[in-house]
Amino acid sequence: MNEGDTLVIESGYYEFEDGLSLDVSNVTIKGEGMEKTILDFKNQQSGAQGFLVTSDKVTLRDFAILDAKGDALKVIGSNGINMINLRTEWTGGPKSTNGAYGFYPVESEDVLIDGCVAIGASDAGIYVGQSKNIIVRNSIAQYNVAGIEIENSYYADVYNNLASHNTAGILVFDLPDLPQQGGHHIRVFDNKSIDNDTDNFAPEGNIVGEVPRGTGIIVMANSDVEIFDNLMSGNGTVNLSIVSYSDETDDPNYYPHPKRIQVHSNTYGPSGFDPDLETGDLAKALYEISNGNMPDIFWDGVVPISQMVFGQPEDEKLIMEEENKVSFLTISPIKYMLGFTNPTRTDKKEFKGVINPLEPIVIDGI
Amino acid sequence: MKNTVQILIVLMLCMRSFAVNDNLIMAETFPKKLSDFAFFYDNSAQVPHEDVIPYELISTLFSDYSYKQRWVYVPNNKKAKYKESWVFDFPIGSALIKTFYYPVDERNPELGKNLLETRLLLRKESGWEAVSYAWNDEQTEAFKKVAGKTINVSWIDFMGEEKEVRYRVPNVNQCKECHAANDKTTPIGPKARNINKEFTYKDGEFNQLAYWMDRQIIDNYPLDLVSPVDWTDESQNMNDRVRSYLDVNCGHCHSPTGNANSTGLYLHLNETRDTHLGVYKKPVATGRGSGGLKYSIVPGKPDESILLHRMISMDPGVMMPESGRALTHEEAVEMVREWILLMEN
């Protein structure tokens with residue numbers, strides 16, 4: 001292919017023994033539909049992913065990538081990548097031997113994932129890592145460990161997606177010891193994160209392997225995150241969880257706590273009815289501290305030691321504007337450490353405040 | 001006898017007029033045949049033009065036990081510039097040439113070899129470009145393979161055992177997976193420190209850097225250069241051997257400027273931070289590559305270390321490096337296993 005080309009892959013079933021790769025900029029690769037143009041990798045012998053993109057201004061649309069040995073579609077360092085109406089799937093159902101990611105843009109800028117379907121990834125169906133300026137919309141993520149994950153990324157809109165029957169629906173994470181960290185400015189809105197009821201099948205060692213079955217949305221160690229107008233329901237552990245990174249790290253450039261998180265106007269259905277006490281610490285800790293009375297929204301309350309003593313700066317506080325019936329629980333670390341019989345706080349009113357909407361994400365030409 | 005001398009003279013005259021095709025190195029497209037470049041007098045026998053200088057690296061990348069022969073070509077009256085801790089800055093028109101082959105029988109070189117592919121890195125005006133030429137079955141010519149090629153090949157190893165491999169000639173994009181720094185294509189091997197060793201030339205044994213100076217293809221090199229050790233040299237310190245191996249096998253991607261920089265695992269020779277070298281470092285986007293293990297390296301526990309797990313694996317979704325390997329490098333695995341086992345907590 002040369003710059004400016006459009007390659008059409010006609011309907012049909014195409015089997016590959018080796019990974020595909022694209023390193024030409026300004027091109028479109030187009031199938032005839034995610035149910036019609038099928039790239040099948042079940043007999044893959046080489047290549048760490050089904051399809052690798054390393055060039056700029058690329059549009060991929062209307063085809064499916066099935067049963068890749070590693071990640072299905074990986075995009076490294078692309079400036080302008082559109083993934084539209086694509087499907088990535090592992091057809092044998094949720095298995096730890098499935099590839100890690102369905103959609104995996106990393107170190108990229110201007111990333112669009114629109115109308116895509118991701119099924120069966122052993123880490124995240126849709127994963128955007130260490131990227132900037134991101135839109136993930138109108139997509140479906142099912143039977144993955146994490147449905148949609150935005151990690152160590154700046155400026156993302158995640159909206160109008162359905163995340164269901166995953167272990168966890170939508171994750172906004174930040175991790176230490178990486179070239180890009182300090183994830184911030186993430187809007188998660190108008191999504192349905194419902195019935196996430198698949199046992200965690202991630203291989204151990206991965207951060208998502210710690211996520212309990214039945215979580216709607218988790219925000220970890222990001223700043224400026226706005227969660228609004230979502231439906232979270234049928235999540236057996238907890239609908240919404242806001243937490244710090246809890247493992248040890250000696251990375252001096254890493255900030256492990258969430259700050260400036262705004263939560264408003266979401267709809268909460270049943271949750272906490274089947275907490276996954278077997279996976280990670282989150283569900284177990286929450287179950288113990290709430291005496292089994294699991295809230296809709298949980299904040300772990302962990303802040304830097306100085307803030308435990310002197311309080312959080314006003315402009316870094318969690319703000320919540322939700323209906324009265326929505327239940328909430330947080331832990332007061334000081335009370336917890338001093339051995340109070342009830343170290344929790346459950347009154348949302350203390351977290352009321354003025355919502356400062358984050359700016360929408362704009363990608364030129366979209 | 002007189003006839004033979006005449007033929008020899010004619011042959012020598014031919015050779016003198018025979019020159020590497022500089023225009024083709026610089027051209028926008030790659031020619032179909034390797035012989036068009038005229039790097040070799042005798043293509044099949046890989047006898048190089050006198051301006052095409054053979055070289056070796058102290059430690060090499062494992063490529064399924066294949067053998068590699070390397071040559072460097074720098075256009076006349078030009079020199080590559082020395083760069084500290086980096087590959088020489090070769091002038092436009094330079095070429096790095098590498099032929100991959102298996103001997104028919106490792107116990108007996110006289111039985112010949114099976115040439116698989118010749119990879120080229122060509123320094124054009126716009127920068128380096130990579131391409132590979134795969135040898136035909138007759139071993140008379142190598143043809144350009146932009147999309148790569150699969151070669152099922154077998155050979156007899158030192159133990160007299162028949163070995164087989166599904167050898168992959170990389171496609172041009174895969175070349176860039178490893179040969180990339182800051183998103184630009186680059187050579188990996190010919191850093192001054194990597195070639196600081198003796199080599200037996202037709203005209204005798206010399207240090208390669210000294211020879212390159214003498215042939216006037218480089219401008220300079222430091223005399224106090226610190227070089228990695230040959231990882232196969234068991235008389236050397238274990239840590240030095242392992243770091244040398246990891247540098248050349250992993251460090252081109254696993255460095256802050258390489259293709260795997262998003263992992264935070266850095267295995268190039270200059271890295272000194274334990275976490276970034278993998279010690280108690282958690283996987284990031286490893287997926288099932290982790291094999292259910294929690295850290296890249298657990299000191300004292302090689303079987304709990306993801307790094308070793310991925311060196312051993314032959315599953316495309318797990319194995320490292322991601323491309324260029326279909327077999328496990330047993331000797332290196334043993335060395336790294338011992339290194340982790342002896343590592344202090």
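Start in chain B of this predicted model and select domain 1 together with domain 2: 18 residues of domain 1 of chain B are in contact with 18 residues of domain 2 of chain B. To colour the two domains, use residues 19-214 for domain 1 and 238-342 for domain 2, as the domain assignment of chain B gives them. With both in view, you can draw a line between their C-alpha centres, which lie 26 Å apart.

Now stay on the domain 1 side of that contact. Which elements should you highlight? Pick β10 (162-169), α3 (172-178) and β11 (180-181) of chain B, since each supplies at least two residues of the side that touches domain 2 of chain B. Of these, α3(B) gives the most, with three residues. If you colour this side of domain 1 of chain B by class, you will find nine nonpolar, six polar and three charged residues.

Next, zoom out to the whole of chain B. In cartoon view, look for eight helices and 14 strands. Along the principal axes, the C-alpha atoms of chain B fill a box of roughly 75 × 45 × 40 Å. How does the radius of gyration of chain B agree with that of a compact globule? Chain B has 21 Å, which agrees with the value near 20 Å that a compact globule of 345 residues would have. Buried residues make up 43% of chain B. Among contacts in chain B between residues at least 6 apart in sequence, 49% join residues at least 24 apart.

Then bring chain A back and look at where the two chains meet. How many residues does each chain bring to the contact? Chain A gives 32 residues and chain B gives 33. On the chain A side, select β3 (18-22), β6 (46-53) and β12 (101-106), each of which supplies at least two residues. Here β6(A) gives the most, with three residues. By class, the side of chain A that touches chain B divides into nine nonpolar, 16 polar and seven charged residues.

For the last stop, select residues 146-151 of chain A, which form strand β18. Is this strand mostly covered or mostly open? It is mostly covered, with six of its six residues buried. Add strand β15 (residues 124-129) of chain A, and you will see it pair with β18(A) in the parallel sense over five bridges. In that pairing, A:V128 stands opposite A:I150 in β18(A). Finally, show strand β21 (residues 168-173) of chain A, which also pairs with β18(A) in the parallel sense over five bridges. There, look for A:E149 opposite A:L171 in β21(A).

Methods. Residues numbered from 1 in each chain as written. Chains lettered and ligands numbered in written order. Predicted model: local features only at pLDDT ≥ 70, side-chain atom pairs only at ≥ 80, totals over all residues. Domains from an automatic or database assignment. Contact = placed C-beta atoms within 7 Å. Helix = DSSP H or I, 4+ residues; strand = E, 2+ residues; numbered from the N terminus. Nonpolar A, V, L, I, M, F, W, Y, C, P; charged D, E, K, R; others polar. Rg over C-alpha atoms; globule rule 2.2 N^0.38 Å. Buried ≥ 20, exposed ≤ 12 C-beta atoms within 10 Å, placed from the backbone. Pairing = 2+ DSSP bridges.
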